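Visitor: I would like to go through this model with you, one question at a time. Could we begin with how its strands are paired?

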Amino acid sequence: MKESGGALKYFDINGYFTKDIARLNKLNKPVLKTVTHNTVSESKTVHIDNWELELSLFKDADINRPAWKNSYTVIDEDGMLIYRAKYPELKMREMLIKKDKGKIKWILIYNKTPKNILYQTTEKLSYFPDSLYVIDKMQRVRLMGSNFYEIKGAMSR
């Protein structure tokens, strides 16, 4: 989402993943996908039919909304770009983007729903272009306990 004037205040995570999704769809390489729920894991080699859906949590971490234009502190030094939420009600808590010679090496995103009496969710999203993506999610639901989920996709070279 662009602000008035057309310039984005923060890194264009949505645009980055839109391009990478198109690239991954075109490559159509097999992925060793492992899904874990608490302590039970299952792995299989698959072709991802819908990268848009597979990486939707990454795209959803877009912080370029006019209402959030002053909601994140920005550190940009030595090829590392860091965004940290200034306010506890913001879901996207921290984003780290490592670049080398202008090329993205990896992206880490930490999400957290504001704590309430019923539930709390935390997510750690890790993306290494052309090699690996990991989605770690912990849900704590009152009266039901905690659940841990992990989706890991290792891309073949």
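Guide: Before we start, a term is needed: two strands count as paired if DSSP finds at least two bridges between them. Please also keep in mind that this is a predicted model.

Visitor: Which residue of β9 is the bridge partner of Thr36?

Guide: Strand β1 covers residues 31-37, and 7 bridges join β1 to strand β9, residues 145-155, in the antiparallel sense. Within β9, the bridge partner of Thr36 is Glu150.

Visitor: In β2, which residue is the bridge partner of Val31?

Guide: Strand β1 also pairs with strand β2, residues 40-46, and the two run antiparallel over 7 bridges. One bridge in this pairing joins Val35 to Glu42. For Val31, the bridge partner in β2 is Val46.

Visitor: Which residue in the hairpin of β1 and β2 takes a positive phi?

Guide: The hairpin has 2 residues between its strands. The positive phi, near 55°, belongs to Asn38.

Visitor: Where does Glu54 lie, and how many residues apart in sequence are Glu54 and Lys33?

Guide: Glu54 forms a salt bridge with Lys33, with the closest N and O atoms 2.9 Å apart. Both Glu54 and Lys33 are buried. Glu54 lies in helix α2, residues 51-54, whereas Lys33 lies in strand β1, so the salt bridge ties together parts whose separation in sequence is 21 residues.

Visitor: Is Lys44, the salt-bridge partner of Glu42, buried or partly exposed?

Guide: Glu42, which is the bridge partner of Val35 in β2, forms a salt bridge with Lys44, the closest N and O atoms being 3.7 Å apart. Buried would require under 20% relative accessible area and exposed over 50%. Because the relative accessible area of Lys44 is 48%, this residue is partly exposed.

Visitor: What are the relative accessible areas of Glu94 and Arg84?

Guide: Glu94 and Arg84 form a salt bridge in which the closest N and O atoms are 2.5 Å apart. The pair links distant parts of the chain, with Glu94 in strand β5, residues 92-100, and Arg84 in strand β4, residues 80-85. Glu94 is buried at 18%, whereas Arg84 counts as partly exposed at 36%.

Visitor: How many salt bridges does the structure hold, and which residues are linked in a network of them?

Guide: In general, side chains of opposite charge can pair when their charged atoms come close. The structure holds 7 salt bridges. The residues linked in a network are Asp20, Arg23 and Asp130.

Visitor: Which element gives the largest share of the largest nonpolar core?

Guide: The largest nonpolar core has 30 residues, and Tyr83 and Tyr127 have the most contacts inside it. The elements that give two or more residues to this core are α1, β4, β5, β6, β7 and β8. The largest share, 5 residues, comes from α1.

Visitor: Leaving aside neighbours within four places in sequence, which residues are in contact with Tyr83?

Guide: Tyr83 is one of the two residues with the most contacts inside the largest core. With those neighbours left aside, its contacts include Tyr10, Phe11, Ile63, Tyr72, Met92, Glu94 and Ile97.

Visitor: What is the accessible area of the surface patch that includes Ile117?

Guide: Ile117 is found in the loop between β6 and β7, and its relative accessible area of 66% makes this residue exposed. Together with Leu118 and Tyr119, Ile117 forms a nonpolar patch on the surface, whose accessible area is about 340 Å².

Definitions and conventions:
Residues numbered from 1 in each chain as written. Predicted model: local features only at pLDDT ≥ 70, side-chain atom pairs only at ≥ 80, totals over all residues. Heavy atoms only, no water. Helix = DSSP H or I, 4+ residues; strand = E, 2+ residues; numbered from the N terminus. Salt bridge = Lys/Arg side-chain N within 4 Å of Asp/Glu carboxyl O. Buried < 20%, exposed > 50% of the residue type's maximum accessible area, 1.4 Å probe, protein only. Core = buried A, V, L, I, M, F, W, Y, C linked by side-chain atoms within 4.5 Å. Contact = heavy atoms within 4.5 Å. Patch = residues over 30% accessible without salt bridge, like charges linked within 9 Å, V, L, I, M, F, W, Y side chains within 5 Å. Areas by Shrake-Rupley, 256 points an atom, 1.4 Å probe, with all protein chains shown as cover.
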